[in-house]
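Trainee: Hey, could you walk me through this one? I'd like to go chain by chain and then poke at some odd spots.

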Amino acid sequence: MKISRADVEHVSRLARLALSDDELDALTHDMAAILDYVEQLNTLDTDDILPTSHAVPMENAFRADVIKPGLTPEEALSNAPDAAGTLFRVRRVIE
Amino acid sequence: MTMTSPDFTLAALREHLDKKDLSAVEVTRAYLERIAATNPALNTFITICEESAIGEAEAADKRIAAGDTQPLTGLPIAVKDIFSTRNVRTTCGSRILQNYRPPYDASVIDRLKKQNAVLLGKLNMDEFAMGSSNENSAYGPAKNPWDRTCVPGGSSGGSAASVAARQTAAALGTDTGGSVRQPAAHCGVVGLKPTYGRVSRYGVVAYASSLDQVGPVTRDVRDCALLLQAVAGYDPADSTSVDTPVPDYAATLEGDLQGLRIGLPDEYFIEGVDADVHQAVTAAVDRYRQLGAQVVPVSLPHTAYAVACYYLVATAEASSNLARYDGVRYGLRAEDAENLIDTYMKSRAAGFGTEVKRRIMLGTYALSSGYYDAYYLKAQKVRTLIRQDFLEAFNQVDVLLTPIAPTPAFQLGEKVADPLTMYLSDIFTIPVNLAGTCAISVPCGFAENGLPIGLQLIGKPFAEATILQAAYAFEQATDWHHRKPDLP
Amino acid sequence: MMQGYETVIGLEVHVQLTTRTKIFCGCATAFGQTPNSQTCPVCLGLPGALPVLNRKAVEDAIRTGLATNCQIAPRSIFARKNYFYPDLPKGYQISQFELPVCEHGWLEIEPEQGVGKRVGITRIHMEEDAGKLIHGDTPETAGYSMVDLNRACTPLLEIVSEPDMRSADEAIAYLKQLHQLVVYLDVCDGNLEEGNFRCDANVSVRPVGQRTFGTRTELKNINSFRFIKQAIEYEAERQVDLIEAGDKVIQETRLFDSTTGMTRSMRGKEEAHDYRYFPDPDLVPLVIDAAWIEAVRSTLPELPEAKRQRFVSQLGLSTYDAGVLAADRKLADYFDACAKASGDPKACANWIMGDLLRKLKETDTEIADAPVAATLLAGLLARIADNTISGKIAKTVFEKMWQSGQDADSIIAAEGLKQVTDSGAIEGLVDDVIAAHPGQVAEYRSGKDKLIGFFVGKVMQASQGKANPGLVNQLLKKKLAGGDD
Ligand SMILES: [Mg+2]
Ligand SMILES: [Zn+2]
């Protein structure tokens, strides 16, 4: 299952990345090569193997339901590209 | 004492400051001057904290005068530009965070500040820690102080190069697939990747959350123990932080190696390893035998699959971790967009570099509908096999000894065009991150062309004390760490 | 609904938990604060920030799972649901996917029309809420959307039912039952206007007798029970019309427009969703052992159904009264406290469902804030029972208790409302009344027994209501029988 240019375009929309035609060509080539390389994993039988999501076994990390001081609205918005009052502002979302 | 060219270990500076024959302000000024003089050639710092560093040094001097000295009080340290530093620009090597000033400190930065260490600045790195050469920085590559036509390694290239170039006494980096150890090896300094969960990740900009760890980059092994001591330990703000006591690393540093069992994994001594590297590592093995260690062959049979496994796991996590850079709350926003989706697509296109885009794309694909099982889940299962390899090897030996990288530092531009070749240069460091255990890189010689070579010692989970001890014994028996680059 | 078709409904309810802080950070969850005043690096999705799970949210999930007969998963996992939206700071929502915290439960429902049935609960999972988007309408904001992240990262339970409901009425009954339950459990404030309890409905239709399900549509975020009924009924009709016309129902998300009463497609040019779920590496598995489950179980309140049954079988209430009193946990608690203090559950029920509820409604007061607390009401009932005051005077006393917050005895004493039980004093009044109404006395004596009420009224009036009505009755009968004059 070789990745196609159309697949790459679809993924770029999922990832919200605008890509130029040249970038799409290059990525189609690079991703095909990398995916070809990772094919070697399929030579391993992993049917009875559990996946590892943390290399060090860990479970149950909690915090108590206690309010902790956070940021002021000014701090929260201090890096905002655009704001209105204490709100972040973006181009209108159309539904 | 001349201060025109500061050349101290943390331990030496500690003595000077404690004896008060140097002040933290004097030391800080000396390093800042050196950074100003050398940074144009080395490009190691993205941000230099001239003013705040002096202020911090003054506070440290007061604290020392008051007799309330902590191990790092007044010691100059620089950190990779991946650590959130309150009100200090944190770019992560990316255009997308060009003007981002976090309103908070990473937990490790908080620890350094509580001890009144002095933060000299923020160090160059591959964008979002994705890279092995520092060439993926939006701020241009840092250069290798041993040969400025060569890469310093990556992604913590600025961390290793700045320590090697005596721009700072020590640095912090992060290691996701070798990003502390490989540049340390390429720059002839010491770098340690702790066990996953040993050091808090809170406030460290995420690349691949299940692999990222913070690590010290230092001139020698004693400093490495000192800096690790300061940053290691449980942090309730990081759910993956492990609540296990931190041993006193300095206390066991000088133990002897009689009876230490060292394993040489067959899979790491293969064709394709540079002859100079092979020779240096083989000489190190002999040295360990002389020091009383028992050296035995072992096997880590799934090593060959590690790079493939890593590039699926890391990119999948990265694709999700980097979704937050959407130009809404912070970071670059494209102004020429037609609508909101267009804003996202153009902001991210303009803000991210080629390698970051490549990894986001690969990771998005690996998680996408219909491919999850074939790629991401498969990789997580192979990860189990790789981890088991290590656990089984550690039933036979205490430490594994390997090269850090197949070659010394390569030329700038040499591998840029071929991502897969670049990825494969991390083959000896990646498995450690997948297995979650700890490893140290320590200088073990020089190639014919004068570039440093690093030795990797891999320990059991949470056995940082063991690898520090083994590395220290080797370092004391050799003088590689005393050599320094001809500096500009 | 057209003859020959059946509607199939499954519901997904998002319940906002009552925790003081957010699910993965220490920010407050208070409603209606200054925009972005309850945020921190975690819920703003700042680079490097990491989530840590609120233990109370887990306990609320366990409570809800136990109360809905679910199995509590010994091990569950948080996953990332990846999509881009300006109200979603990290570009993913932390939710649960493959291993949710509760599964395989059910709820017994009793629709107003139709018969009782059991609705399966597929799963309950924990997740974080998104922030709030405000669409601009001022000169400064027109053409823009504004983002407030105070709500981002607030804990939610998503409760997913089986497609077990067959009419809008059943769906409403399920929702009301579930709403009552989560409020009872104190895991949710249940305020629909503030979005505490939000519902999506999956609706399909099929010919009666067909075993397989038809193609379903998902109706999003309908914020009142009435609209849910309208939306489901409209959607079912729409689907039947399509099928009858030979068209196909398209699987899609539709929005209900409450002004037109219709649903409309949300489908735009946007990429079909591919959420790319995977386990969140920033969080660790949630492991819940039997001891923890039992500890939570021991804190569960008596649930509405059990309460209703107890009110009927042990306290002797009618099914109707028991239903009204058990419907609201605070009301039921008030009743229980009052019944216990007074020893007369029926009288308590009458007073609560009569004067108390009326007064609460008139003054728009929450029962918890009622000036006449349960023990105070019991004190009043005791004075009726021991004949200190009459039932009629009691209403006056209740009114004064409500205004002053004082107990019944203080008011009775201060106002001199104590019933007159001294037969000498009453006898005088009786004599006066008989003397003043010779005509009625004659009629009574000639057999018009019903006039006794007239005489009692007159005596009570003369005593300003304080005479003991039993005693008055007794004396009147004796005297009118012509005994002693
Ligand atoms: Mg949901
Ligand atoms: Zn927060």
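**A chat about the model**

Trainee: Let's start with a helix in chain C. What do the buried residues of α9(C) pack against?
Mentor: This is a predicted model, so keep that in mind throughout. The buried residues of α9(C) pack against four helices of chain C: α7 (329-342), α8 (345-363), α10 (391-404) and α11 (408-415).

Trainee: Which residues of α9(C) are the buried ones?
Mentor: They are C:Ala374, C:Leu377, C:Ala378, C:Leu380 and C:Leu381. Those residues cover an arc of only 160 degrees around the axis, which puts them on the same side of α9(C).

Trainee: And how many residues does helix α9 of chain C have?
Mentor: Helix α9 of chain C has 12 residues, running 374-385. From first C-alpha to last, the helix reaches 16 Å, close to the 16 Å expected at 1.5 Å a residue.

Trainee: What follows α9(C)?
Mentor: C:Asn387 does, and its phi is positive, near 65 degrees.

Trainee: Switching to chain B. How many helices and strands are in there?
Mentor: Chain B has 15 helices and 11 strands. Its C-alpha trace spans about 65 × 55 × 45 Å along the principal axes.

Trainee: What radius of gyration would a compact globule have with 488 residues?
Mentor: It would be near 23 Å, and chain B has 21 Å, which agrees. Buried residues make up 69% of the 488 residues in chain B.

Trainee: What about contacts between residues far along the sequence in chain B?
Mentor: Take the contacts in chain B between residues at least 6 apart in sequence: 77% of them join residues at least 24 apart.

Trainee: Is any helix of chain B worth a look?
Mentor: Try α11(B), residues 354-367. Its 14 residues should span 20 Å at 1.5 Å a residue, and the end C-alpha atoms are 20 Å apart, which agrees. In α11(B), 13 of the 14 residues are buried, so the helix is largely enclosed by the rest of the structure.

Trainee: OK, chain A now. How many helices and strands does chain A have?
Mentor: Three helices and three strands. From the N terminus on, the order in chain A is α-α-β-α-β-β. The radius of gyration of chain A is 22 Å, well over the 12 Å that the globule rule gives for 95 residues, so chain A is more spread out than a compact globule.

Trainee: How much of chain A is buried?
Mentor: Of its 95 residues, 45% count as buried. Chain A exposes about 5000 Å², and carbon and sulfur atoms supply 51% of that.

Trainee: Does chain A meet chain C somewhere I can zoom in on?
Mentor: Look at C:Glu140, which touches A:Ala84, A:Gly85 and A:Arg89. C:Glu140 sits in the loop between β9 (132-135) and β10 (144-148) of chain C. With a relative accessible area of 47%, C:Glu140 is partly exposed.

Trainee: How far is C:Glu140 from C:Ile159?
Mentor: Their C-alpha atoms are separated by 40 Å, and the two residues are 19 residues apart along the chain.

Trainee: Next topic, the nonpolar core. Which residues touch the most other members of the largest one?
Mentor: B:Phe128, C:Met126 and C:Tyr174, out of 260 residues in that core. The largest share of this core, 10 residues, comes from helix α9 (residues 306-321) of chain B. Apart from it lies another core of 38 residues, including C:Ala378 and C:Trp402. In soluble globular proteins, nonpolar side chains tend to be buried together.

Trainee: What does C:Met126 touch?
Mentor: Among its contacts are C:Ile23, C:Leu53, C:Phe78, C:Val101 and C:Leu286.

Trainee: Last thing, odd backbone spots. Which residues does a cis peptide bond join?
Mentor: B:Gly154 and B:Ser155, with omega about 5 degrees. B:Ser155 lies in the loop between β3 (118-123) and α5 (157-164) of chain B.

Trainee: And is B:Cys92 buried or exposed?
Mentor: B:Cys92 is buried, with a relative accessible area of 0%. B:Cys92 also has a positive phi of about 55 degrees although it is not a glycine.

Trainee: What about B:Lys20, buried or exposed?
Mentor: B:Lys20 is exposed, at a relative accessible area of 54%. Phi of B:Lys20 is positive too, near 65 degrees. You'll find B:Lys20 in the loop between α1 (10-19) and α2 (24-42) of chain B.

How values were computed:
Residues are numbered from 1 along each chain as its sequence is written. Chains are lettered from A and ligands numbered from 1 in the order in which they are written. This is a predicted model: local features need pLDDT of at least 70, side-chain atom pairs count only at pLDDT 80 or more; totals for chains, interfaces and linings use all residues. Side-chain values use heavy atoms; hydrogens and water are left out. Helices (H or I, at least four residues) and strands (E, at least two) are DSSP runs, numbered from the N terminus. The expected span of a helix is 1.5 Å times one less than its number of residues. Buried means under 20% relative accessible area, exposed over 50%, partly exposed in between (1.4 Å probe, protein chains only). The arc is that of the directions from the helix axis to the C-beta atoms. Contact means heavy atoms within 4.5 Å. The radius of gyration is taken over C-alpha atoms; the globule rule is 2.2 Å times the number of residues to the power 0.38. A nonpolar core is a set of buried Ala, Val, Leu, Ile, Met, Phe, Trp, Tyr and Cys residues joined through side-chain atoms within 4.5 Å. Accessible areas come from the Shrake-Rupley method with a 1.4 Å probe; for residues, only the protein chains shown count as cover. Lists of a residue's contacts leave out its neighbours within four places in sequence.
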